[in-house]
Amino acid sequence: MEKNIKFPVIDLSNINGEERDQTMALIDDACQNWGFFELLNHGIPYDLMDNIERMTKEHYKKFMEQKFKEMLRSKGLDTLETEVEDIDWESTFFLHHLPQTNLYDIPNMSDEYRTAMKDFGKRLENLAEELLDLLCENLGLEKGYLKKVFHGTKGPTFGTKVSNYPPCPKPEMIKGLRAHTDAGGLILLFQDDKVSGLQLLKDGVWVDVPPLKHSIVINLGDQLEVITNGKYKSIMHRVLTQKEGNRMSIASFYNPGKDAEISPAQSLVDKESEYPSFVFDDYMKLYAGVKFQPKEPRFEAMKNAAATAVVNPVATVETF
């Protein structure tokens with residue numbers, strides 16, 4: 001990291017005190033100029049975070065490590081000789097919280113682990129909604145605007161990607177996770193405080209996201225860039241592999257509902273916006289195939305699709 005670049009770390013406990021205005025300004029600056037910031041004193045109990053970290057690492061060691069090694073062998077990655085650009089060096093599983101949970105369908109999770117993840121997920125959901133209202137305040141939008149947009153007709157979607165990035169013998173040959181922007185809304189990350197690896201691209205320079213104990217890293221997804229008409233932007237980020245240490249990453253995604261209609265907020269548009277309007281699920285279908293490509297062509301594709309739909313409307317038949 002360049003010496004003159006200081007990653008934004010924000011103490012959320014100041015939001016209700018004398019330093020509120022300063023804290024709000026720090027959040028606004030981070031959203032405008034970084035697309036990332038790190039929260040301290042966010043209200044999630046540290047003992048809960050410690051328990052989840054312990055159980056996540058135990059779960060990987062007991063149930064996933066051997067599968068990961070078998071995957072490496074099957075793909076010929078156990079003896080890396082040339083750079084690999086289409087595979088990520090990570091072991092993951094996914095939890096769905098909203099609109100329905102799959103927490104009790106995940107194999108090999110202990111009751112203690114399930115209970116802790118359920119509690120953690122609910123606390124992160126509440127934190128995400130608090131942050132969305134703080135963003136509304138900074139943007140001059142009415143309180144609840146972003147939550148209402150995300151709600152659609154059936155509520156937001158919310159899920160967690162639990163990842164481990166095991167040691168890699170040749171980290172220069174493969175990424176833990178290739179560079180991308182996140183498609184959704186607000187991402188809340190509980191990352192390993194001992195093993196680093198997460199980087200974001202700022203002004204053409206890859207900057208380390210510092211691994212701070214008990215912090216929650218926040219980053220903005222593509223949907224918030226569209227809704228804010230580009231005032232806040234999603235940022236390219238990646239995970240580097242490391243020769244030593246198994247990096248834990250628990251990333252929770254507070255996203256719009258599938259049928260949520262996404263468009264720039266009118267109060268943030270002076271004349272005509274360069275950003276498209278679309279249904280969130282349509283964007284996700286496009287994103288699935290081009291995740292590791294630049295976001296701008298995605299926005300352009302959605303804009304072109306909307307224009308085509310206006311020129312050539314399709315008749316629909318209601319089914320029940």
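D193 and K194, neighbours in the numbering of this predicted model, form a salt bridge in which the closest N and O atoms are 3.7 Å apart. The two partners sit in quite unlike surroundings: D193 is buried, with a relative accessible area of 17%, whereas K194 counts as exposed at 63%. The pair belongs to a set of 18 salt bridges found in a search of the whole structure. Some of these bridges join up, and E53, K57 and D192 are linked in a network.

Two further pairs involve helix α3. In one, the side chains of K122 and E125 meet with an N to O distance of 3.5 Å. Both residues lie in α3, 3 residues apart, or about one turn of the helix. Here the acid is the buried partner, as E125 has a relative accessibility of 11%, while K122 counts as partly exposed at 45%.

The other pair reaches across to a second helix. The side chains of E137 and R20 meet in a salt bridge at 2.5 Å, N to O. Since E137 lies in α3 and R20 in α1, the contact ties together parts that are 117 residues apart in sequence. Neither end is buried: E137 is partly exposed at 45% relative accessibility, and R20 is partly exposed at 25%.

Helix α1 itself covers residues 20–33, which makes 14 residues. From first C-alpha to last it reaches 20 Å, close to the 20 Å expected at 1.5 Å a residue. Its buried residues are T23, M24, I27, D28, A30 and C31. These cover an arc of only 160 degrees around the axis, so they fall on the same side of α1. What do they pack against? The buried residues of α1 pack against α3 (111–139), along with the strands β1 (9–11), β2 (36–40) and β9 (216–220). After the helix comes G35, with a positive phi near 75 degrees.

As for α3, there is a record to set beside the model. An unreviewed UniProt entry lists residues 110–137 as a "coiled-coil region". Over that stretch the chain is 96% helix and 0% strand, and the end C-alpha atoms are 41 Å apart.

Confidence is the last point. The protein chain averages a pLDDT of 93, and 95% of the residues score at least 70. Residues 310–320 are another matter, with pLDDT below 50 and 0 contacts in the model beyond near neighbours in sequence. Where pLDDT is low, predicted coordinates should not be read in detail.

Notes: Residues are numbered from 1 along each chain as its sequence is written. This is a predicted model: local features need pLDDT of at least 70, side-chain atom pairs count only at pLDDT 80 or more; totals for chains, interfaces and linings use all residues. Side-chain values use heavy atoms; hydrogens and water are left out. UniProt positions are given in the numbering used here, feature names are shortened, and annotations may be inferred rather than shown by experiment. Helices (H or I, at least four residues) and strands (E, at least two) are DSSP runs, numbered from the N terminus. The expected span of a helix is 1.5 Å times one less than its number of residues. Buried means under 20% relative accessible area, exposed over 50%, partly exposed in between (1.4 Å probe, protein chains only). The arc is that of the directions from the helix axis to the C-beta atoms. Contact means heavy atoms within 4.5 Å. pLDDT is the predictor's confidence in each residue, from 0 to 100. A salt bridge is a side-chain nitrogen of Lys or Arg within 4 Å of a carboxyl oxygen of Asp or Glu.
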